Amino acid sequence: MHEFTVSVAEILGRPGAYRDIHISRSLPGVRTTLARLENDLEARLRLESVVEGVLVTGRATGGVLLECARCLKELPAQIHVDVCELFYGPGHQPPADEDAYSVRGIELDLEPMLRDAVTLALPLNPLCKEDCKGLCARCGKDLNLGDCTCTESESDPRWAALDAVRDKLPQ
Ligand SMILES: [Zn+2]
Ligand SMILES: [Zn+2]
């Protein structure tokens, strides 16, 4: 299917009845500062009728592009997100403090749920490798490729102060 809106007319109000679906489509705009969803999102979900509404369970998979938080290298990756969400049916109100999803008429709009789940699953601090050395704060060189010359050519201001003191000492 290429739509996030699915009919639950056949299962609504019949606890135990279910429908399995497979959705494959893009979900634009799902991103954090250092990660974004690329390509289509694949979701294999079971929509199961329960007393309170429809329970949606399953897994969504998508290709993401991450940016290393230290060296900014782009890293393609896959994410897998397990979902388990209740969509409240007609006549069932979610608790007031709960940010819940609801059945709309005879349909479920799965997009907000998938958008939330994937966004939460994106890494906040992706690294190309555990010990990534990052970029030099002065010259911007990728220190994974070797040391830069910044630190050698400039003396540390603390040592400069010490040198000044030493110059005043009697030899
Ligand atoms: Zn890196
Ligand atoms: Zn440098």
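**Close-up views of a predicted model**

**View 1. Glu111 and Arg115 in helix α1.** In this predicted model, Glu111 is partly exposed, because its relative accessible area is 26%, and this residue forms a salt bridge with Arg115 in which the closest N and O atoms are 2.8 Å apart. Both Glu111 and Arg115 belong to helix α1 (residues 111–121), where they sit four residues apart, about one turn of the helix. Arg115, with a relative accessible area of 24%, is likewise partly exposed.

**View 2. The zinc ion (ligand 2) and its cysteine donors.** The SG atoms of Cys136, Cys139, Cys148 and Cys150 coordinate the zinc ion (ligand 2) at 2.3 Å, and along the chain these donors follow the spacing C-x2-C-x8-C-x1-C. The arrangement is tetrahedral because the four donor atoms subtend angles of 105 to 116° around the zinc ion. Of the cysteines, Cys148 is buried, with a relative accessible area of 9%, whereas Cys139, at 43% relative accessibility, counts as partly exposed.

**View 3. A salt bridge between strands β2 and β4.** The structure holds five salt bridges, among them the one in which the side chains of Arg46 and Asp20 meet at 2.7 Å, N to O. Since Arg46 lies in strand β4 (residues 35–50) and Asp20 in strand β2 (residues 18–26), the pair ties together parts that are 26 residues apart in sequence. Arg46 is partly exposed at a relative accessible area of 32%, as is Asp20 at 46%.

**View 4. The side chains of Glu38 and Arg36.** These side chains meet in a salt bridge of 3.0 Å, N to O. Glu38 counts as partly exposed at 28% relative accessibility, and Arg36 is partly exposed with a relative accessible area of 27%.

Key: Residues numbered from 1 in each chain as written. Chains lettered and ligands numbered in written order. Predicted model: local features only at pLDDT ≥ 70, side-chain atom pairs only at ≥ 80, totals over all residues. Heavy atoms only, no water. Donors = N, O, S within 2.8 Å, 3.2 Å for Na, K, Ca; no water. Tetrahedral: all angles 85-135°; square planar, octahedral: opposite > 155°, others 65-115°. Buried < 20%, exposed > 50% of the residue type's maximum accessible area, 1.4 Å probe, protein only. Salt bridge = Lys/Arg side-chain N within 4 Å of Asp/Glu carboxyl O. Helix = DSSP H or I, 4+ residues; strand = E, 2+ residues; numbered from the N terminus.
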